[in-house]
Every structure is written in C-alpha cells, then in structure tokens.
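Please find below a colleague's note on the structure, set out as numbered points. The points go from the chain as a whole to single residues.

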Amino acid sequence: MSRNIHRPSFDDFLSKDSTFRDGHVLTLFGLTAYFDGREVHAEGINLSDRKSVRVTHGNDDVFKRAFMQHEHALYDSLIDDDKCRVVPLPQYTGSVELIHTCLKTMVGGFVLKYRSHSLQVYRLCQIRLFHSDNHGFVLRSKVDRSVQNKMVYKDIFSYRTLFALVKKNFDSGIDEEIRCPVTTLEAGSDKIRFVLKPINWRLFVDHVNNYLRREHEKASSASEDKPYFSVVDSSKRQRNT
C-alpha cells in the first residue's frame, strides 16, 4: 500500500539534516582504474570547496603546452587551477594491443568536478569516453569533448537522483535494498575502465529514509488532528429536531 504523504524534497532534506547540510560529506568518491579487468589504481578523491581531479596518461607537460596555446579559455577553467589535482595512470606493460593504442590518445584525460550535488566529467582527451551506471539507468552514453574553447560536461552521478529513488521506494512501501551507486567510464574500450562510487552513499540513504519517516509521521499526525465533521450551528440543530 502506498503512503499518502506530502512532497518532501531534496533541498528540504538538506536544510534539516546537519550531517549533509554543508555538502562536504557528499563530495567524497572512490576512484578505481582497471586495465583489462586488473586494478591498476585506486584512491579516494575529495571534490569539496570546488576542487577537481584530472585523470590522465602520457606526457602531460607536452599536452598542457599545446592545450594552453589552442584552448586558452578551457585551460584557465579546467587545467590551470590550483584546486585541480592530476592523477597520472601507470604505464601499461601487458600484451593487449588495444589498450596500448587507446592509452596513446588518452593524453589530457578527463576532469572530475562536483557541482550542484552532482559529479561531472569533462573530457579533454581524443579517445572516446563512455558513461554508464546502475542507478540512473544509463546503459552507455558518449561523453562529448571540450574543444574550441567550448566547455562541455556530463552529469554522471546525482544525489538528487539517488534521493528520488529512495523516496520512490518509500512512497510505494517497497523495502527493496538500494544498491551502491556505481558509475563507470570507459576510454575507447571496456578494456580501460574507471569506476566511481560515492563513499557516503549508505549514510545518505539511511538519513533520507529517516527524514521521510519523520515527514510521514508529521503528515499523518496532522491529518488525524483534523475534525471529520464540521460543527453544526446550535440554532440549526434545534430546528432540525
């Protein structure tokens, strides 16, 4: 049976929850890189206070000089930033030729930012980048490249979407377990994958469920306090009798 409640919102939840109010708890993500299914890099990244991370491969100095010359506006916004940390990928020493080929065109890489409660990716490399996830029902979507001084990005994870999913289950009375949101980026092939997970997703889900329960209880209590019958005027009551 569905719960007939008013419409709690993501913004209302943030305003009432001291743990998530300042947003810093939401900006922590786990980043893992895989070459041919083998983990080659893993770390936690903090994108609070407008920080960003650029994942790249190859000669980054050469790329930065060329990029600064031809894409000066993008350079100032995405690369020449004290808050942008570079994460260089290790050299691949395996025998899969496709990985060697893809990594040659991954110079410049991609930038990860956190804006408006969403994880965003900006593609700078020539190699095609694809996004998929298990929470927004995106099977495989191309990430366009930021070129010709035009900044292009894609939202690859949103806490608003996760909030809506938890609320949908709650309103429908579904006790189904929410899975860990997993976002995957593929560089040219599924042989080169980057997996991103919000570190505090479980804490977020638990707090949202508690918030929804409180709002439901308040709405139910308010409904019970309303009189079911209007008060009849005494003079009318006497005439009716």
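The points below deal with the overall chain, its cysteines, two pockets and a few residues.

1. Status of the model. The model is predicted. Every value in this note should be read with that in mind.

2. Overall make-up. The chain holds 7 helices and 11 strands. Buried residues account for 43% of its 241 residues. Its accessible surface is about 13700 Å², and carbon and sulfur atoms contribute 48% of that area.

3. Contacts along the sequence. Taking contacts in the chain between residues at least 6 apart in sequence, 66% of them link residues at least 24 apart.

4. Cysteines. How many disulfides does a search of the whole structure find? The search returns 0. Cysteine 84 has a relative accessibility of 13% and therefore counts as buried, the cut-off for buried being under 20%. Cysteine 125 is also classed as buried, because its relative accessible area is 0%.

5. Largest pocket, volume and lining. The largest pocket encloses about 230 Å³ of space. Its lining consists of 14 residues, and those nearest the pocket centre are Ile174, Asp175, Glu176, Asn209 and Arg213. By class, the lining of this pocket comprises 5 nonpolar, 2 polar and 7 charged residues.

6. Largest pocket, contributing elements. Which helix gives the most to the lining of the largest pocket? That is H6, with 5 residues. Helix H6 spans 201–225, and helix H5 spans 159–171; each of the two supplies at least two residues of the lining.

7. Second largest pocket. The volume here is about 170 Å³. Residues lining the second largest pocket include Asn134, His135 and Phe137, together with Leu165 and Asn169. The lining also takes in Glu176, Glu177, Ile178, Arg179 and Pro181. The classes in this lining are 4 nonpolar, 3 polar and 3 charged. Glu176 appears in both descriptions: it lines the second largest pocket, and it is among the residues that lie nearest the centre of the largest pocket.

8. Threonine 184. This residue belongs to strand S10, which covers residues 183–187. Is threonine 184 buried or exposed? It counts as buried, because its relative accessibility is 12%. Leaving aside residues up to four places away in sequence, threonine 184 touches Phe130, His131 and Ser132, and also Arg193, Phe194 and Val195.

9. Aspartate 49. Aspartate 49 sits in the loop between strand S2 (38–46) and strand S3 (52–56). Its phi is near 55°, a positive value in a residue other than glycine. Aspartate 49 has a relative accessibility of 44%, so it counts as partly exposed.

10. Arginine 50. The loop between S2 and S3 also holds arginine 50. Here phi is near 65°, again positive in a residue other than glycine. With a relative accessible area of 54%, arginine 50 is exposed, because the cut-off for exposed is over 50%.

11. Points to look at in the display. For the loop between S2 and S3, please view aspartate 49 and arginine 50, where phi is positive for aspartate 49 and for arginine 50. For the pockets, please view Glu176, one of the residues nearest the centre of the largest pocket and one of those lining the second largest.

Notes:
Residues numbered from 1 in each chain as written. Predicted model: local features only at pLDDT ≥ 70, side-chain atom pairs only at ≥ 80, totals over all residues. Heavy atoms only, no water. Disulfide = S-S within 2.5 Å. Buried < 20%, exposed > 50% of the residue type's maximum accessible area, 1.4 Å probe, protein only. Helix = DSSP H or I, 4+ residues; strand = E, 2+ residues; numbered from the N terminus. Contact = heavy atoms within 4.5 Å. Areas by Shrake-Rupley, 256 points an atom, 1.4 Å probe, with all protein chains shown as cover. 1 Å grid on protein atoms, 1.4 Å probe; cavity = no way out; pocket = protein on both sides within 12 Å on 5 of 7 lines; lining within 4 Å. Points joined across faces, edges and corners; volume = space filled by probe spheres on them. Nonpolar A, V, L, I, M, F, W, Y, C, P; charged D, E, K, R; others polar.
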